[in-house]
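Reader: I should be grateful for a close look at a single part of this model. Please attend to the charged and nonpolar side chains along one helix, and set them in the context of the whole chain.

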Amino acid sequence: LQMLEQQVVGGEQAKNKDLKEKHKRRKKYAAERRMQLVAALQNSNEDSSEWVLLNVYDSIQEEVRAKSKLLEKMQRKLRAAETEIKDLQSEFELEKIDYLGTIRRLERDLMLFQQLLDQVQTLVRRDCNYSNLDKIKRECVWDEEAACWQIPEPVIQKTSLP
């Protein structure tokens, strides 16, 4: 009876040594992996109360209560994160509207000044260095310290005819 039992237990592969070694390796790997997981969970910065997997419960109701508390806590965190995201999006939208308004205002001012320059340029004397706006633009230099443009002084070039 014992001989039959030894042959039947494990089925056809009862005497297969390779299969037994394979099962031993799997069990050893599973044990090592479990130890690594436990070590990683213990070394984590989270509260130990949050790790429901490590807790041992006396009853299913206690486990359900603990997991419900954890779920509620995570839902509160989620709602807080969603609220923060909405606040940031609305703040970004307000800043965007403000920047677009500023850009539009600056474009209007630029158009005004460009039209004024076009009108005034015809009134500037031909022998003045300000009669050529492109040349003036090339000669202008931005001063970082003063935060303004350094514009060349107007000069009238007197030409004498022989």
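Author: The following account concerns helix H3, with a short view of its surroundings.

The model is a predicted one. The protein has 162 residues, of which 7% count as buried. Its secondary structure consists of four helices and two strands, and the order from the N terminus is α-α-α-α-β-β. Helix H3 spans residues 60-121.

Two salt bridges are present in the structure. One of them joins Glu-63 to Lys-67, with 2.9 Å between the closest N and O atoms. Both residues belong to helix H3, and because they are four residues apart there, about one helical turn separates them. Glu-63 is partly exposed, at 27% relative accessibility, and Lys-67 is likewise classed as partly exposed, with a value of 41%.

The other pair is Asp-109 and Arg-105, whose side chains form a salt bridge with an N to O distance of 3.9 Å; the cut-off for such a contact is 4 Å. Here too the partners are four residues apart in helix H3, so about one helical turn lies between them. Asp-109 is partly exposed at 31% relative accessibility, and Arg-105 is partly exposed at 41%.

Two surface patches also deserve attention. Glu-84, Asp-87, Glu-91, Glu-95 and Asp-98 form a negative patch. Among them, Asp-87 lies in helix H3 and counts as partly exposed, with a relative accessibility of 47%. Tyr-99, Leu-100 and Ile-103 make up a nonpolar surface patch of about 300 Å². Of this group, Leu-100 is located in helix H3; its relative accessible area of 36% places Leu-100 in the partly exposed class. Residues in a patch must have over 30% relative accessible area, so Leu-100, at 36%, satisfies that condition.

For context beyond the helix, two cysteines may be considered. Cys-128 is buried, with a relative accessible area of 12%, and Cys-140 is also buried, at 19%. Since buried means under 20% relative accessible area, the value of 19% places Cys-140 in that class. A disulfide requires two cysteine sulfur atoms within 2.5 Å, and the count of disulfides is zero.

Finally, Gln-157 is found in the segment after strand E2, which covers 148-150. Gln-157 is partly exposed, with a relative accessible area of 47%. Gln-157 and Arg-126 are 31 residues apart in sequence, while their C-alpha atoms are 9.1 Å apart in space.

Definitions and conventions: Residues numbered from 1 in each chain as written. Predicted model: local features only at pLDDT ≥ 70, side-chain atom pairs only at ≥ 80, totals over all residues. Heavy atoms only, no water. Buried < 20%, exposed > 50% of the residue type's maximum accessible area, 1.4 Å probe, protein only. Patch = residues over 30% accessible without salt bridge, like charges linked within 9 Å, V, L, I, M, F, W, Y side chains within 5 Å. Areas by Shrake-Rupley, 256 points an atom, 1.4 Å probe, with all protein chains shown as cover. Lys, Arg positive; Asp, Glu negative; His and termini not counted. Charge placed at Lys NZ, Arg CZ, Asp CG, Glu CD.
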